[in-house]
Amino acid sequence: RAEIEDWWCLIDCWARIGRYDRIDAALNERLQAYPEDPTVHSALGRMALWRGNTQQAAAAAEAALRFDSGHREAHFIVGAVAVLEGRSEGAERPLERAIEGDGPTRWLAIDAAWTFRACMLRALGKHHEGKAAASSAMFHAQDYNVSAHVARITNAFHTTPKGDAIDARHL
């Protein structure tokens, strides 16, 4: 029987090749064996988030936070859901806890948290802070991934408080 660290590596591999059916079965099996493991709940939340089911993602993240109030991945999911649902005011604290927390990250991609933070700040009219957050997302990206691409687009289309577009050639 694989150790839990090995199991998480396997889940990550399945996610990278799109075998979500295998992940669902493994997560449900793991949840039965470890119902109080916050990482299992956050993994369920991440899968729901990937599929666009924000209600299920939020419920799983809240379950993870009941077992570990500092769980960074769960805070990321709560913040991401708030941004996706247009509740930017409710995203600031959870995204801050995801980025600034000191707990393990497991599946948390800090660049994704910074990207959602950039989108949130832009929606709140905090344009220069949003531009800085998008730059942080690009800095934290391990390679040219989706978060880096979205951060570059977000950065390029930020506007000043007057509504003037910031010239992307100077980014």
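**Exercise 1. Is Pro38 buried or exposed, and what does it touch?**

Solution.
- Start with the accessibility: Pro38 comes out at 14% relative accessible area. The buried class takes anything under 20%, so Pro38 counts as buried. Keep in mind that this is a predicted model.
- Next, place the residue: Pro38 sits in helix H3.
- Then list its neighbours. Leaving out residues up to four places away in sequence, Pro38 is in contact with Ala64, Phe67, Asp68 and His71.
- One more distance to check: the C-alpha atoms of Pro38 and Ala61 are 8.3 Å apart, with the two positions 23 residues apart in sequence numbering.

**Exercise 2. Work out what the chain is built from, and how much of it is buried.**

Solution.
- Count the elements: the chain has 9 helices and 0 strands. Read from the N terminus, the order is α-α-α-α-α-α-α-α-α.
- Now burial: 45% of the 171 residues count as buried.
- For the surface, the chain exposes about 9400 Å², and carbon and sulfur atoms supply 51% of that.
- Finally, contact range. Take contacts between residues at least 6 apart in sequence; 53% of them join residues at least 24 apart.

**Exercise 3. Find the largest nonpolar core and say which helices feed it.**

Solution.
- As background, nonpolar side chains tend to be buried together in soluble globular proteins.
- Here the largest nonpolar core has 30 residues. Leu49, Phe76, Ile77 and Leu95 have the most contacts inside it.
- Go through the helices: H3, H4 (54–67), H5, H6 (92–100), H7 and H8 (127–140) each give at least two residues to this core.
- Zoom in on Leu49. Skipping residues up to four places away in sequence, Leu49 touches Ala57, Phe76, Ile77, Ala80, Val81 and Leu84.
- Don't stop there: a separate core of 12 residues also turns up, and its members include Trp7, Leu27, Val40 and Trp107.

**Exercise 4. Classify the aromatic pairs by geometry.**

Solution.
- The structure holds 2 aromatic pairs.
- Take Tyr20 and Trp50: their ring centres are 6.1 Å apart and the planes make 65°. The centres are within the 6.5 Å limit and the angle is over 60 degrees, so this pair is edge-to-face.
- Map that pair onto the fold. Tyr20 belongs to helix H2 (residues 20–33) and Trp50 to helix H3 (residues 38–50), so the pair ties together parts 30 residues apart in sequence.
- Check the accessibility of both partners: Tyr20 is partly exposed at 31%, and Trp50 is partly exposed at 40%.
- Now Phe76 and Phe116. With centres 5.7 Å apart and planes at 75°, this pair is edge-to-face as well.
- Phe76 is in helix H5 (residues 72–84) and Phe116 in helix H7 (residues 110–123), so the pair connects parts 40 residues apart in sequence.
- Phe76 has 2% relative accessibility and counts as buried. Phe76 is also one of the residues with the most contacts inside the largest nonpolar core.

**Exercise 5. How many salt bridges are there, and where do the partners of Lys126, Arg93 and Asp21 lie?**

Solution.
- The general idea: side chains of opposite charge can pair when their charged atoms come close.
- The count comes to 6 salt bridges.
- Begin with Lys126, whose side chain meets that of Glu92 at 3.8 Å, N to O. The cut-off is 4 Å, so the Lys126–Glu92 pair makes the list.
- Where are they? Lys126 is in the loop between H7 and H8 and Glu92 in helix H6, 34 residues apart, and the pair links distant parts of the chain. Both ends are partly exposed: Lys126 at 31% and Glu92 at 25%.
- Move on to Arg93, which pairs with Glu96 with the closest N and O atoms 3.0 Å apart. These two are 3 residues apart in helix H6, so about one helical turn separates them. Glu96 is partly exposed, at 34%.
- Last, Asp21 forms a salt bridge with Arg19, at 2.9 Å between the closest N and O atoms. Asp21 is partly exposed at 46%, and Arg19 is partly exposed at 32%.

Key:
Residues numbered from 1 in each chain as written. Predicted model: local features only at pLDDT ≥ 70, side-chain atom pairs only at ≥ 80, totals over all residues. Heavy atoms only, no water. Phe/Tyr/Trp six-rings, centres within 6.5 Å; stacked < 30°, edge-to-face > 60°. Helix = DSSP H or I, 4+ residues; strand = E, 2+ residues; numbered from the N terminus. Buried < 20%, exposed > 50% of the residue type's maximum accessible area, 1.4 Å probe, protein only. Contact = heavy atoms within 4.5 Å. Areas by Shrake-Rupley, 256 points an atom, 1.4 Å probe, with all protein chains shown as cover. Core = buried A, V, L, I, M, F, W, Y, C linked by side-chain atoms within 4.5 Å.
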